[in-house]
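Subject: Structure handover

Hello,

Here is the structure I promised to pass on. My notes follow below it.

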Amino acid sequence: MDALDILTDLENVIPYFQPIFSADEQRVIAYEVLGRYQSEGNIISLGSFFHDDSIPDEYKFEVDQLLVQKALERAFDLEDDVSIYLNRDADLLMYRHGEPFLHELLAFEKRGLNLKRIVLEISEGNYKGDFGQLDHLLQYYRTYGIKVAIASINSDTNFFERIGQLGPEIIKINLRALKSNATAASFTDVLFSISLLARKIGATLLFENIEMSYQLQFAWKNGGRYYQGFYLHPPAPEFIERELLKQRLKGKFHEFIAYEKRKLEAIYSAAEYFQNKVQDILIKNKKANYEELFTSLIKEMDQIAFRMYVCDEDGFQKSSNISKSESEWYSQKEYIEKNWSWRPYFLENIIKMRNERKGILSDLYSDIETGETIRTFSIPINGSDYLFIDITYQYLFENDQLL
């Protein structure tokens, strides 16, 4: 597709609209505007046109501006609480300092379009310009009520820094990485960090490229408020009925909720099981030293645990590590007096155990030494010391609702 074919045939440049659904309302709350070109009865995406570095920015801007005009003309047909997402590459957004784009939006505002409905979706992964100027421009747009979404997440080490700098109202997560087993695990870890950052800055997570039910479940479980993808509805030249998927989404959410409840019940039951089992061993070994206690624990938990140790309430380790290698248990005295208070939730869990006088089963996490996915059961053993028992992945796998 030649760029000149498009530029000399702008009448056939048209907007397509992909609906965005919300978890809380289970209905359409926005549309993303996507560029399409009609050619001999075929509908062609304009994505390659906008990503072609050989095409001058002024040509891209002309086509993009036309798409914006045509899309916003159609937006008057929507209810006032439906947002419009406008894609804009960061370099294209900075074209002529962003003034022509804003003037176009202000022209529609004079005709009655509330600019609070506009979400500017920025793709800035390859942006080489001054981020200070980009941030200044976005802050200027915000004074008109326009919201900002960061559209691309990549391996750029500066990505988190830029999210903090630009402070988007919406962070868009591409679920394409979930299709690959090689990237799915690391993607989940990165997403956890993104969700924490989003919570800190008050941003909403929007998951895109949802193409299967499990991806929708993943988005729901990982704090996604907004959803988009072919599994829900493909881009189309017309708007759809807002309640179209309400019953389907409610049904899906009931499935997800039921599954999570079963999983949480399993985790609760496992915590109770470990509490009773370990507490019984502690009572029987009330006067034993740590080595004797570990000997008794190994007899009862040889097929469950792979590491045990004792810390005080400040996180200083009071015992050796008692670890398992294949079928052999061994002692690692070099861990005595190491401090673990820097670990996430360590002190919070210590206070919780101290006040409730019962054990805690941790969330899933990757063990630093083995790299395996594990959980840790911790329990108070006297006035100031706490026992930590690391549970093997094999045991979690055999009790799969713990994974």
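Is Y345 buried, partly exposed or exposed? Y345 is partly exposed, because its relative accessibility is 47%. The limits that matter here are under 20% for buried and over 50% for exposed. Please keep in mind that this is a predicted model.

**Y345 and its patch**

Y345 sits in the loop between β12 (328-332) and α12 (346-356). Its backbone deserves a look. Most residues other than glycine have a negative phi. Y345 has a positive one, near 70°.

Y345 also belongs to a nonpolar surface patch, together with F192 and L196. The accessible area of the three together is about 310 Å². F192 comes from helix α8, which covers residues 181-201. F192 counts as partly exposed because its relative accessibility is 45%.

**Another positive phi**

H97 is not a glycine either, yet its phi is positive, at about 60°. H97 is located in the loop between α4 (90-93) and α5. With a relative accessible area of 61%, H97 is exposed.

**Salt bridges**

Side chains of opposite charge can pair when their charged atoms come close. How many salt bridges does the structure hold? The count is 25.

Start with E243 and R27. Their side chains form a salt bridge, at 3.3 Å from N to O. E243 lies in the loop between β9 (224-227) and α10, while R27 lies in the loop between β1 (13-22) and β2 (28-39), so the pair ties together parts that are 216 residues apart in sequence. The two partners fall into separate burial classes. R27 is buried, at 18% relative accessible area. E243 is partly exposed, at 30%.

E243 has a salt bridge to K246 as well. There the closest N and O atoms are 4.0 Å apart. K246 is partly exposed, with a relative accessible area of 22%.

These residues are part of a network of salt bridges. Its members are E25, R27, E79, D81, R242, E243 and K246.

Next, R307 and D390. This salt bridge has its closest N and O atoms 2.6 Å apart. The pair links distant parts of the chain, 83 residues apart. R307 is in strand β10 (residues 305-312), and D390 is in strand β16 (residues 385-391). How accessible are they? R307 is buried, at 8% relative accessibility. D390 is buried too, with a relative accessible area of 1%.

**Helix packing**

Two packed helices are described by the angle between their axes and the distance between the axes. I have three pairs for you.

- α3 and α5: helix α3 spans residues 57-75 and helix α5 spans residues 99-110. Their axes come within 11 Å and cross at roughly 15°. Angles under 35 degrees count as roughly parallel, so α3 is roughly parallel to α5. The crossing is right-handed.
- α9 and α10: helix α9 (residues 213-221) packs on helix α10 (residues 246-284) at an angle of about 65°. The axes are 11 Å apart. That makes α9 roughly perpendicular to α10. α9 crosses α10 in a right-handed sense.
- α10 and α11: helix α11 covers residues 290-301. The axes of α10 and α11 come within 10 Å, with a crossing angle of roughly 140°. The two helices are therefore oblique to each other. This crossing is right-handed.

Note that α10 appears in two of these entries, with α9 and with α11. K246 from the salt-bridge network is also the residue number at which α10 begins.

**One long distance**

T143 is in the loop between α6 (131-142) and β6 (147-150). Is T143 buried or exposed? T143 counts as exposed, because its relative accessibility is 60%. How far is T143 from L232 in space? From C-alpha to C-alpha, the distance is 33 Å. In sequence, T143 and L232 are 89 residues apart.

**Where to look**

If you open the model, three places cover much of the above. One is Y345, with its positive phi and its place in the nonpolar patch. Another is E243, with salt bridges to R27 and K246. The last is α10, which packs with α9 and crosses α11.

Best wishes

Key
Residues numbered from 1 in each chain as written. Predicted model: local features only at pLDDT ≥ 70, side-chain atom pairs only at ≥ 80, totals over all residues. Heavy atoms only, no water. Patch = residues over 30% accessible without salt bridge, like charges linked within 9 Å, V, L, I, M, F, W, Y side chains within 5 Å. Areas by Shrake-Rupley, 256 points an atom, 1.4 Å probe, with all protein chains shown as cover. Helix = DSSP H or I, 4+ residues; strand = E, 2+ residues; numbered from the N terminus. Buried < 20%, exposed > 50% of the residue type's maximum accessible area, 1.4 Å probe, protein only. Axes fitted to C-alpha atoms, helices over the stretch in contact; angles between N-to-C directions. Parallel < 35°, antiparallel > 145°, perpendicular 65-115°, else oblique. Left-handed = near helix turned anticlockwise from the far one by under 90°.
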